[in-house]
Amino acid sequence: MKQFLYLLTAVMLLSACNDNYSDSVDTCALGIVLNFPDDTDAQKEGLRVELKSIGREAIFADSTNAEGVAWFSIPPGIYEATSSAKIVTGSNTITILNGTSGQIVVGSEPSATASIAMKGSKVSQVVIKELYNGGVLKDDGKNFQSDKCFIIYNNSSLTASFPQLCVGFVAPYNSQANNSWYGAGGRLIYEDEGYLPLLDGIWYFPQTLSIEPYEQVVVNVHGAIDNTLIYPQSVNYANKDYYCMYDPSVGYTNTNYYPTPADVIPTSHYLKAVKFGISNAWPLSVTSPALVLFQVEGTTPQAFGTDVTNMTYIPNAAQTDINKCLKLPAEWVIDAIEVFSAAHTTSNVKRLTPTVDAGYVYLTNQHGHTLYRNVDKEATEALPENDGKLVYNYALGVDGSSDPNGIDAEASTKNGAHIVYQDTNNSTNDFHERQQCSLKN
């Protein structure tokens, strides 16, 4: 079940102030204009707009006026604008508006504007509930990061069924790495072409995956064993209900990442891989991946991942397997999460396009932290079966990153409640950094 919604994708139509950067100007008035399609009856006033200063740790926020313009008084520099809103457009109908801009240069002129235009997007019945990829510190102070997983969740009251559901990650490996996919105007060159460049390989469920309402599926990425026997702060994946990425036949053979899975995990729960890079283990970032969940259309994962016409290469790099990327149609994406490294706050850049995910969530790796989806408080409280079962006063956030809705999802689930998680196609709104993986609760 897919609901087709609108998404703000930011297209910068006007360079703010002046291309001539000047330190002599204290502030500049910058207006961010939100443009809506003619067929959308959207409230223009009161929508939050954020400006992030590139190369600095400064974020400015304001709301739009009746004309759909948010005005900022900011120092010269380079900025990116984002905006998100949930708008009720009819009976039981909600439109999600998201947007990010290209780079906006604020220079010496006293006032200017930049515009954000709308495009279509979709949200899915199934979401990424959690991503655990940063690992833990061992007693000797070194790290152990071969125990990754993610959790898929049916965020609805209907059974979800996906034949050959796939997962991949977008180039580059880390958000703080040099990103040569950006072109003129500070926009990703693949945005207008409607694809995402996936690195090294993809994984897929070999059988149709069915998920009951408000139920989850745990997928181990590396280390499908009881890791707590050696590293107590790690995660135990020896569970008959869990799935794991394990397919040495394609060349993912590094036993540091792929020990033989725990014998309680049935072989029917082993995901299959299509490998087009050179790694001997799927190199999901331990600091800042851009993970995508998708479903191929009109083909199979094997055929899609081996078709040379679907391949491209990292710009300005040698056309070798190490730089080879698979072009994933953005419209195939079911859900995604964009992770930024908390250790590199001034150098992170986005890889996911606004039609896929308009935000980001920070991760402090090596401390057992996880990235956990926020609860949709209104929708969760509205479920009649949750009466008297919800647990509040959630307190597992990290350094100010927490679920603002206050519902403890894991405790509520154990109490028999059904959780509806927030899904706005914007990781900034949808996720927070959590003290530990929920599998350790």
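A residue is called buried when its relative accessible area is under 20%, exposed when that area is over 50%, and partly exposed in between. With this in mind, the structure above, which is a predicted model, can be explored through its salt bridges. Arg373 makes a good starting point: its relative accessible area is 1%, so this residue counts as buried.

Across the whole structure, a search finds 13 salt bridges. One of them brings together the side chains of Asp335 and Arg373, with a nitrogen-to-oxygen distance of 2.7 Å. This pair ties together distant parts of the chain, since Asp335 sits in strand S25 (residues 333–341) and Arg373 in strand S27 (residues 370–373), 38 residues apart. Both Asp335 and Arg373 are buried. The two side chains also make a polar contact, again at 2.7 Å.

Arg373 has a further salt-bridge partner in Asp430, where the closest N and O atoms are 3.7 Å apart. Here too, distant parts of the chain are linked: Arg373 belongs to strand S27, while Asp430 belongs to helix H4 (residues 427–430), and 57 residues separate them. Asp430 has a relative accessible area of 2%, which is under the 20% limit, so Asp430 is buried as well.

What surrounds Arg373, once its neighbours within four places in sequence are left aside? The residues in contact with Arg373 are Val127, Ile128, Lys129, Asp335, Tyr421, Gln422, Asp423, Asp430, Phe431 and His432. Both of the salt-bridge partners described above, Asp335 and Asp430, appear in this list.

A salt bridge in another setting is found in helix H2. The side chains of Glu381 and Lys377 meet there, with N and O 3.0 Å apart. Both residues lie within helix H2 (residues 377–382), and they are four residues apart, or about one turn of the helix. Are these two residues buried, exposed or partly exposed? Glu381 has a relative accessibility of 36%, which falls between the 20% and 50% limits, so Glu381 is partly exposed. Lys377, at 30%, falls between the limits too and is therefore also partly exposed.

Returning to Arg373, the salt bridges that share partners join Asp335, Arg373, Asp423 and Asp430 into one network. Within this network, Arg373 is bridged to Asp335 and to Asp430, and Asp423 is among the residues that Arg373 contacts.

Conventions:
Residues are numbered from 1 along each chain as its sequence is written. This is a predicted model: local features need pLDDT of at least 70, side-chain atom pairs count only at pLDDT 80 or more; totals for chains, interfaces and linings use all residues. Side-chain values use heavy atoms; hydrogens and water are left out. A salt bridge is a side-chain nitrogen of Lys or Arg within 4 Å of a carboxyl oxygen of Asp or Glu. Helices (H or I, at least four residues) and strands (E, at least two) are DSSP runs, numbered from the N terminus. Buried means under 20% relative accessible area, exposed over 50%, partly exposed in between (1.4 Å probe, protein chains only). A polar contact is a pair of N or O atoms within 3.5 Å; within protein, one must be able to donate a hydrogen and the other to accept it, and residues adjacent in sequence count only if both atoms are side-chain atoms. Contact means heavy atoms within 4.5 Å.
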